[in-house]
Amino acid sequence: MKLLFIPFSVIGGLASGFVAKKLFEQAWGVVDTQEPPKPEHREVGFGKVIAAAALEGAIFNGTRAAIDHKSRQAFATATGTWPGEKRPDEE
């Protein structure tokens with residue numbers, strides 16, 4: 001069954017990247033009118049570079065997790081099998 005989930009995973013990954021990019025662009029537009037700074041930009045403050053990277057990472061990871069979890073729920077509904085573990089391991 002895990003092999004059958006691969007197409008769901010690939011499509012979900014592509015969709016999450018697209019959605020996350022758009023969400024980050026919207027969120028950064030609230031923070032600043034200039035494009036988000038990258039580490040290779042010379043004339044930007046260190047804090048601004050870190051803030052942009054942290055915001056982008058949070059949005060990308062959150063979006064990816066949400067879409068991955070929902071695609072697993074859809075797969076489980078369609079097949080009756082959850083493609084993954086039931087719960088995190090105990091420490």
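Q: What makes Asp-68 and Arg-72 a salt bridge?
A: In this predicted model, the closest N and O atoms of Asp-68 and Arg-72 are 3.1 Å apart. The cut-off is 4 Å between a side-chain nitrogen of Lys or Arg and a carboxyl oxygen of Asp or Glu. The value of 3.1 Å is within 4 Å, so the pair is called a salt bridge.

Q: Why are Asp-68 and Arg-72 said to be separated by about one helical turn?
A: Both residues belong to helix α2 and are 4 residues apart, which means a separation of about one helical turn.

Q: Is Asp-68 buried, partly exposed or exposed?
A: Asp-68 has a relative accessibility of 28%. Buried requires under 20% and exposed over 50%, so at 28% Asp-68 counts as partly exposed.

Q: How do you know that Lys-22 forms a salt bridge with Glu-25?
A: The closest N and O atoms of Lys-22 and Glu-25 are 3.8 Å apart. This is within the 4 Å cut-off, so the pair counts as a salt bridge. Both residues lie in helix α1, 3 residues apart, about one turn of the helix.

Q: Which exposure class holds Lys-22, and which holds Glu-25?
A: Lys-22 has a relative accessibility of 42%, and Glu-25 has a relative accessible area of 41%. Neither value is under 20% or over 50%, so Lys-22 and Glu-25 are partly exposed.

Q: What makes Asp-32 and Lys-48 a salt bridge?
A: The closest N and O atoms of Asp-32 and Lys-48 are 2.2 Å apart, and this is within the 4 Å cut-off. The pair links distant parts of the chain, with Asp-32 in the loop between α1 and α2 and Lys-48 in helix α2, 16 residues apart. The count of salt bridges comes to 3.

Q: Why is the link between the side chains of Asp-32 and Lys-48 also called a polar contact?
A: The side chains of Asp-32 and Lys-48 are joined at 2.2 Å. A polar contact takes N or O atoms within 3.5 Å, so a distance of 2.2 Å satisfies this limit.

Q: What else lies at the side chain of Asp-32?
A: The backbone nitrogen of Gln-34 is 3.4 Å from a polar atom of the Asp-32 side chain. This value is also within the 3.5 Å limit.

Q: Is Asp-32 buried or exposed, and which class holds Lys-48?
A: The relative accessible area of Asp-32 is 17%. That is under 20%, so Asp-32 is buried. Lys-48 has 30%, between the 20% and 50% cut-offs, and is therefore partly exposed.

Q: Is Ser-16 buried or exposed?
A: Ser-16, in helix α1, has a relative accessibility of 5%. As 5% is under 20%, Ser-16 counts as buried. The side chain of Ser-16 reaches the backbone oxygen of Gly-13 at 3.0 Å. Not counting residues up to four places away in sequence, Ser-16 touches Thr-63, Arg-64 and Ile-67.

Q: What makes Ile-67 partly exposed?
A: Ile-67, in helix α2, has a relative accessibility of 24%. This lies between 20% and 50%, so the residue is partly exposed. With residues up to four places away in sequence left out, Ile-67 touches Gly-12, Ala-15 and Ser-16. The C-alpha atoms of Ile-67 and Gly-17 are separated by 10.0 Å, with their positions 50 residues apart along the chain.

Q: What makes up the largest nonpolar core?
A: This core has 5 residues: Ala-20, Phe-24, Trp-28, Ala-52 and Ile-59. Helices α1 and α2 each supply at least two of them, and the largest share, 3 residues, comes from α1. A core takes buried nonpolar residues joined through side-chain atoms within 4.5 Å. Setting aside its neighbours within four places in sequence, Ile-59 is in contact with Ala-20, Leu-23, Phe-24 and Ala-27.

Q: Is Leu-14 buried or exposed?
A: Leu-14, in helix α1, has a relative accessible area of 63%. That is over 50%, so Leu-14 is exposed. Leu-14 also helps make a nonpolar surface patch of about 440 Å², together with Leu-3, Ile-6 and Val-10.

Definitions and conventions:
Residues are numbered from 1 along each chain as its sequence is written. This is a predicted model: local features need pLDDT of at least 70, side-chain atom pairs count only at pLDDT 80 or more; totals for chains, interfaces and linings use all residues. Side-chain values use heavy atoms; hydrogens and water are left out. Buried means under 20% relative accessible area, exposed over 50%, partly exposed in between (1.4 Å probe, protein chains only). A polar contact is a pair of N or O atoms within 3.5 Å; within protein, one must be able to donate a hydrogen and the other to accept it, and residues adjacent in sequence count only if both atoms are side-chain atoms. Helices (H or I, at least four residues) and strands (E, at least two) are DSSP runs, numbered from the N terminus. Contact means heavy atoms within 4.5 Å. Patches are made of residues with over 30% relative accessible area and no salt bridge: like charges are joined within 9 Å, nonpolar side chains (Val, Leu, Ile, Met, Phe, Trp, Tyr) within 5 Å. Accessible areas come from the Shrake-Rupley method with a 1.4 Å probe; for residues, only the protein chains shown count as cover.
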